[in-house]
Every structure is written in structure tokens, then in C-alpha cells.
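Reader: I would like to learn how to read a model of a protein feature by feature. Could you take me through one?

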Amino acid sequence: GVSVRQYCFRRFGAKSVSVEVLHDLEVGYNDALNALVRFLSRRAHLISRFFPHLASTFGTLHSDFEASMRHSRLQLLKMRQ
């Protein structure tokens, strides 16, 4: 299995791809990650409301996941410099 990030690095890491295309790809991928983080944050909030005894455990898990998502953002333009 290849991650989307690895695929993008391999596919668009070449010098022949324009900066505009890299920017559009980076923005689209990072926007998808932002939407996923917002969805998961709302899910965590809902679970915390309905299951208060699980709130701290689930909150910790959500924080770890959110940190991992922040780390996974594409930085194709930075790689190209």
C-alpha cells in the first residue's frame, strides 16, 4: 500500500510540474485533511456529550490523531525549493 502523500511526492516531485499545479494539489489535499479534522472534532464533541465517562479518554485519542493529521500535511512547494 502506498499513502497519498508518498504517491504525490513520487508523482509530482519532478521538476517538470508547474508551481501552480503543485500549489493546487497541496491546497486540495490539505483542505481535505482540514475537513476530516473538523468532522472528527465534531464526532469527539458528540461522544463527549453522550458518554461523559469516556470524554477524557476519547479526548486524548482525538488529540493524538489531530497531531498526526497536522504532521501529515503536504508541503510539496517547500520540498521543491
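Author: We shall go from the overall fold to single helices, and then to a few residues. Please keep in mind throughout that this is a predicted model.

Reader: Where should I begin, and how many helices and strands are there in the protein?

Author: A good start is to list the elements in order along the chain. Here the protein has 4 helices and 0 strands, and the pattern along the sequence reads α-α-α-α. Of the 81 residues, 20% count as buried, and the protein exposes about 6,100 Å², of which carbon and sulfur atoms supply 60%.

Reader: What share of the contacts in the protein with a separation of 6 or more comes from residues 24 or more positions apart?

Author: Such a share tells how contacts are spread over the sequence. In this protein, residues 24 or more positions apart account for 78% of the contacts with a separation of 6 or more.

Reader: How do I read the length of a helix, and what does helix 2 reach from its first C-alpha to its last?

Author: One sets the end-to-end reach beside the span expected at 1.5 Å a residue. Helix 2, which runs over residues 19-50, has 32 residues and reaches 47 Å, close to the expected 46 Å. Helix 3, made of residues 55-71, has 17 residues and reaches 24 Å, close to the 24 Å expected for it.

Reader: Which residues of helix 3 are buried, and which are exposed on the other side?

Author: For a helix, the useful step is to ask where around the axis the buried positions point. In helix 3 the buried residues are Phe58, His62 and Met69. They cover an arc of only 35° around the axis, which puts them on the same side of helix 3. On the other side, Ser56, Thr57, Asp64 and His71 are exposed.

Reader: What do the buried residues of helix 3 pack against?

Author: They pack against helix 2, whose own buried residues are Leu22, Glu26, Tyr29, Asn30, Leu33, Val37, Leu40 and Ala44.

Reader: Is histidine 62 buried or exposed, and which residues is it in contact with beyond its neighbours within four places in sequence?

Author: For a single residue, accessibility and contacts are read together. Histidine 62, in helix 3, counts as buried because its relative accessibility is 14%, and buried means under 20%. Leaving aside its neighbours within four places in sequence, histidine 62 is in contact with Val37, Leu40, Ser41 and Ala44.

Reader: How should I read residues that are far apart in sequence, and what separates the C-alpha atoms of aspartate 31 and arginine 73?

Author: One compares the separation along the chain with the distance in space. Aspartate 31, found in helix 2, is partly exposed at 45% relative accessibility; its C-alpha atom is separated by 9.3 Å from that of arginine 73, although the two are 42 residues apart along the chain. Serine 72 lies in the loop between helix 3 and helix 4 (76-80) and is partly exposed, with a relative accessible area of 23%. Serine 72 and asparagine 30 are likewise 42 residues apart in sequence, with 8.8 Å between their C-alpha atoms.

Reader: Finally, which residues form a nonpolar patch on the surface?

Author: A patch is read as a group of residues, with its accessible area taken together. Leu46, Phe50, Phe51 and Leu54 form a nonpolar patch here, with about 410 Å² of accessible area together. One of these, leucine 46, lies in helix 2 and counts as partly exposed, at 46% relative accessibility.

Note on methods
Residues are numbered from 1 along each chain as its sequence is written. This is a predicted model: local features need pLDDT of at least 70, side-chain atom pairs count only at pLDDT 80 or more; totals for chains, interfaces and linings use all residues. Side-chain values use heavy atoms; hydrogens and water are left out. Patches are made of residues with over 30% relative accessible area and no salt bridge: like charges are joined within 9 Å, nonpolar side chains (Val, Leu, Ile, Met, Phe, Trp, Tyr) within 5 Å. Accessible areas come from the Shrake-Rupley method with a 1.4 Å probe; for residues, only the protein chains shown count as cover. A salt bridge is a side-chain nitrogen of Lys or Arg within 4 Å of a carboxyl oxygen of Asp or Glu. Helices (H or I, at least four residues) and strands (E, at least two) are DSSP runs, numbered from the N terminus. Buried means under 20% relative accessible area, exposed over 50%, partly exposed in between (1.4 Å probe, protein chains only). Contact means heavy atoms within 4.5 Å. The expected span of a helix is 1.5 Å times one less than its number of residues. The arc is that of the directions from the helix axis to the C-beta atoms.
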